[in-house]
Amino acid sequence: MSTSRDDRRDVVIVGGGHNGLAAAAYLALAGKRVTVLERLDAVGGAAVSATAFEGVDARLSRYSYLVSLLPARVIRDLKLDITLRRRRYSSYTPQPGSDRGLLIDNADATATATALGHDSAA
């Protein structure tokens, strides 16, 4: 198979997850010709939304906490039109066999310490 000079790429990235896409964007900004290869039907990796429960018409983020790790510098560098907002509750983990769970509350350190089983006075 012959490839013309115009069809060549400087970089081929295998994997269209969030890190691969960020790398491709930075390389493209640097003037490189980039191709991203992804085996799945959609790019984004763990940062995409998906149907979490069969038969329920709701799409949830697979790993929404990853978005909270997005550095402000990347948003500026890539001129992304997004605003990240801090959530009050960062996570909830049910305790199997009970009606309780572990709730991490960013606005209430005492409640989080109690949920973790720590003495908040310590």
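## A walk from the fold to Asp105

Colour by secondary structure and read along the sequence: you should get β-α-β-β-β-α-α-β-β-α. That makes 4 helices and 6 strands. Keep in mind that this is a predicted model.

**Whole chain.** Switch on the surface for a moment. The accessible area comes to about 9800 Å², with 53% of it belonging to carbon and sulfur atoms. Of the 122 residues, 14% count as buried. If you like contact maps, look away from the diagonal: among contacts with a separation of 6 or more, 22% are between residues 24 or more positions apart.

**Select 18–29.** This is helix H1, with 12 residues. Put a distance between its first and last C-alpha and you'll get 17 Å, close to the 16 Å expected at 1.5 Å a residue. Now step on to Gly31, which follows H1 and has a positive phi, near 90°.

**Select 89–94 and 101–105.** These are strands S5 and S6, running antiparallel and joined by 5 bridges. To see how the two line up, show Ser91 in S5 and find Ile104 standing opposite it in S6. The two strands form a hairpin, with 6 residues between them. Click on Gly97 in the turn for another positive phi, this one about 80°.

**Select Asp105.** You're still in strand S6. Is Asp105 buried or exposed? It counts as buried, because its relative accessibility is 8%, and the cut-off for buried is under 20%.

So what does this acidic side chain reach? Show sticks around it and pick out two partners:

- Arg88: a side-chain to side-chain polar contact of 2.9 Å.
- Asp108: here the side chain of Asp105 reaches the backbone nitrogen, at 3.2 Å.

Leaving out residues up to four places away in sequence, Asp105 touches Arg88, Tyr89 and Thr112.

**Select Thr112.** That last neighbour takes you into helix H4, residues 109–115. Thr112 is buried as well, since its relative accessible area is 12%. Which backbone atom does its side chain reach? The backbone nitrogen of Asp105, at 2.8 Å.

Widen the selection around Thr112, again skipping residues up to four places away in sequence, and you'll find Leu103, Ile104 and Asp105 touching it. You've met Ile104 already, as the residue opposite Ser91.

**Last view.** Leave Arg88, Asp105 and Thr112 on screen together. Asp105 has its side chain in polar contact with that of Arg88, while its backbone nitrogen is reached by the side chain of Thr112.

Conventions:
Residues numbered from 1 in each chain as written. Predicted model: local features only at pLDDT ≥ 70, side-chain atom pairs only at ≥ 80, totals over all residues. Heavy atoms only, no water. Pairing = 2+ DSSP bridges. Expected span 1.5 Å × (residues − 1). Buried < 20%, exposed > 50% of the residue type's maximum accessible area, 1.4 Å probe, protein only. Polar contact = N/O pair within 3.5 Å; in protein donor to acceptor, adjacent residues only side chain to side chain. Contact = heavy atoms within 4.5 Å. Areas by Shrake-Rupley, 256 points an atom, 1.4 Å probe, with all protein chains shown as cover.
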